[in-house]
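Student: Could we go through this one together, piece by piece? I'd like to ask as I look.

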Amino acid sequence: MSKNSNGGSSVQRYQESSYDPVRWLNLMVSEPYYLFHLLVFFSYIPVRCSAFQILDPARNSFLLKREIQVFVAYCVLTVVKIVRTESWESFIQDTLLFAKIFLTAIALVMDYHLALWYALAFLVIHIIAQQPPYEGLGSSNHLTPLQLESLLTEGNTSRFWLVEFRAFSTTACVCTSSFFPELSITYSNTNLSFGTIDLGLFPNAAERFGISLGSLNQLPVYILFENAVEVARFPEFDSEPYVFGPTITKISAVCYL
């Protein structure tokens with residue numbers, strides 16, 4: 001497939017908006033998922049100050065050493081994730097996971113009751129809040145199943161349609177939510193159009209397009225249509241269900257095109 005002639009500058013603008021620190025700071029205070037995590041993390045400051053007054057000097061020294069070790073380990077893992085990450089959504093999810101593990105471990109050194117409290121707090125956040133996906137569309141279109149069938153059968157639009165079927169209740173779809181908009185900006189042209197269908201909103205569409213909702217870990221699914229006929233999909237049909245879905249990366253998505 002040929003690239004859009006304005007793809008380079010469009011992708012650059014897209015990446016600048018994706019990595020805009022102001023946008024992420026705004027998300028940190030406006031999205032419950034991020035806000036709750038920040039409140040729990042910063043609660044360690046008054047807890048630590050109180051512990052400093054209560055614990056004996058030897059225990060404080062031991063705790064300080066463990067805090068330094070945890071901080072160094074967290075920084076190393078964060079640097080590794082920055083180098084290897086393909087999306088900010090994936091990077092933030094992983095770094096938050098590291099922070100939760102390390103904070104709970106430090107709390108366990110201080111007092112196991114405190115560690116249980118942090119574990120319970122993170123469990124509650126996991127239940128009541130969800131990490132927000134990337135909200136940009138790029139050059140793709142949000143479609144309903146009826147709109148997609150209409151576009152495919154009318155035949156007066158693009159020859160090819162690449163459609164992403166996703167559900168933001170799954171971690172993989174959230175972490176890869178920025179891939180499809182970037183691909184659509186780069187490769188969209190008169191012959192190739194991009195669309196997305198949210199199976200969380202339209203679960204009945206899954207059976208129509210041969211997608212099993214019993215294995216949501218296989219989402220997202222990408223299907224390429226040529227003149228209303230499916231010619232390829234990724235991941236392909238598999239008679240044996242995955243325990244963990246196939247890894248979706250930018251490289252695999254580009255190779256698919």
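Student: Which residues of H8 are exposed on the other side of the helix, away from the buried ones?
Tutor: Those are Leu 146 and Thr 153, both exposed on that other side of H8; please keep in mind throughout that we are reading a predicted model.

Student: And which residues of helix H8 are buried?
Tutor: In helix H8, which runs over residues 145-154, the buried residues are Pro 145, Leu 148, Leu 151 and Leu 152. They cover an arc of only 130° around the axis, which puts them on the same side of H8. As background, an α-helix has 3.6 residues a turn, so residues three or four places apart point the same way.

Student: What do the buried residues of H8 pack against?
Tutor: Their partners are three strands and a helix, namely strand E2 (160-166), strand E3 (192-198), strand E4 (221-226) and helix H11 (204-208).

Student: Switching to charges: how many salt bridges does the structure hold?
Tutor: It holds five salt bridges, and one of them joins the side chains of Glu 67 and Arg 48, with an N to O distance of 2.6 Å. Because Glu 67 belongs to helix H5 (residues 57-84) and Arg 48 to helix H4 (residues 44-54), this pair ties together parts that are 19 residues apart in sequence.

Student: Are Glu 67 and Arg 48 buried or exposed?
Tutor: Both Glu 67 and Arg 48 are buried.

Student: OK, and what does Asp 94 form a salt bridge with?
Tutor: The partner of Asp 94 is Lys 81, and the closest N and O atoms of the two are 2.6 Å apart. Asp 94 lies in helix H6 (residues 88-110) and Lys 81 in helix H5, so this salt bridge ties together parts that are 13 residues apart in sequence. Asp 94 counts as buried because its relative accessibility is 17%, and Lys 81 is buried as well, with a relative accessible area of 18%; the cut-off that matters here is that buried means under 20%.

Student: What about Glu 164, which side chain does that one meet?
Tutor: The side chain of Glu 164 meets that of Arg 166 in a salt bridge, at 3.2 Å from N to O. Glu 164 has a relative accessibility of 2% and so counts as buried, and Arg 166, at 7%, counts as buried too.

Student: Back to helix H5 for a second: what does Thr 78 touch?
Tutor: Leaving aside residues up to four places away in sequence, Thr 78 touches Phe 91 and Thr 95. Thr 78 has its place in helix H5, and with a relative accessibility of 15% it counts as buried.

Student: Now the rings: how many aromatic pairs are there?
Tutor: The count comes to 10 aromatic pairs. Among them is the pair of Tyr 33 and Tyr 34, which is edge-to-face, with 5.4 Å centre to centre and 75° between the planes. Tyr 33 counts as buried at 9% relative accessibility, and Tyr 34 is buried with a relative accessible area of 2%.
Tutor: Tyr 74 and Phe 102 also form an edge-to-face pair, in which the centres are 6.4 Å apart and the planes stand at 85°. That pair links distant parts of the chain, since Tyr 74 is in helix H5 and Phe 102 in helix H6, 28 residues apart.

Student: Is Tyr 74 buried or partly exposed?
Tutor: Tyr 74 counts as partly exposed, at 26% relative accessibility, whereas Phe 102 is buried, with a relative accessible area of 19%.

Student: Which residues do ring pairs link into a cluster?
Tutor: That cluster is made of Phe 41, Trp 117, Tyr 118 and Phe 122. As a separate contact with a ring, the charged end of Arg 208 sits over the ring of Phe 209, 4.7 Å from its centre.

Student: Last topic: where does UniProt place the feature "transmembrane region"?
Tutor: The UniProt record, an unreviewed entry, places that feature at residues 33-55 and 96-129. In the model, residues 33-55 are 91% helix and 0% strand, with the end C-alpha atoms 33 Å apart. Over residues 96-129 the chain is 94% helix and 0% strand, and there the end C-alpha atoms are 14 Å apart.

Technical notes
Residues numbered from 1 in each chain as written. Predicted model: local features only at pLDDT ≥ 70, side-chain atom pairs only at ≥ 80, totals over all residues. Heavy atoms only, no water. Salt bridge = Lys/Arg side-chain N within 4 Å of Asp/Glu carboxyl O. Helix = DSSP H or I, 4+ residues; strand = E, 2+ residues; numbered from the N terminus. Buried < 20%, exposed > 50% of the residue type's maximum accessible area, 1.4 Å probe, protein only. Arc of directions from axis to C-beta. Contact = heavy atoms within 4.5 Å. Phe/Tyr/Trp six-rings, centres within 6.5 Å; stacked < 30°, edge-to-face > 60°. Lys NZ or Arg CZ within 6 Å of the ring centre and 35° of its normal. UniProt positions renumbered as here; feature names shortened; annotations may be inferred.
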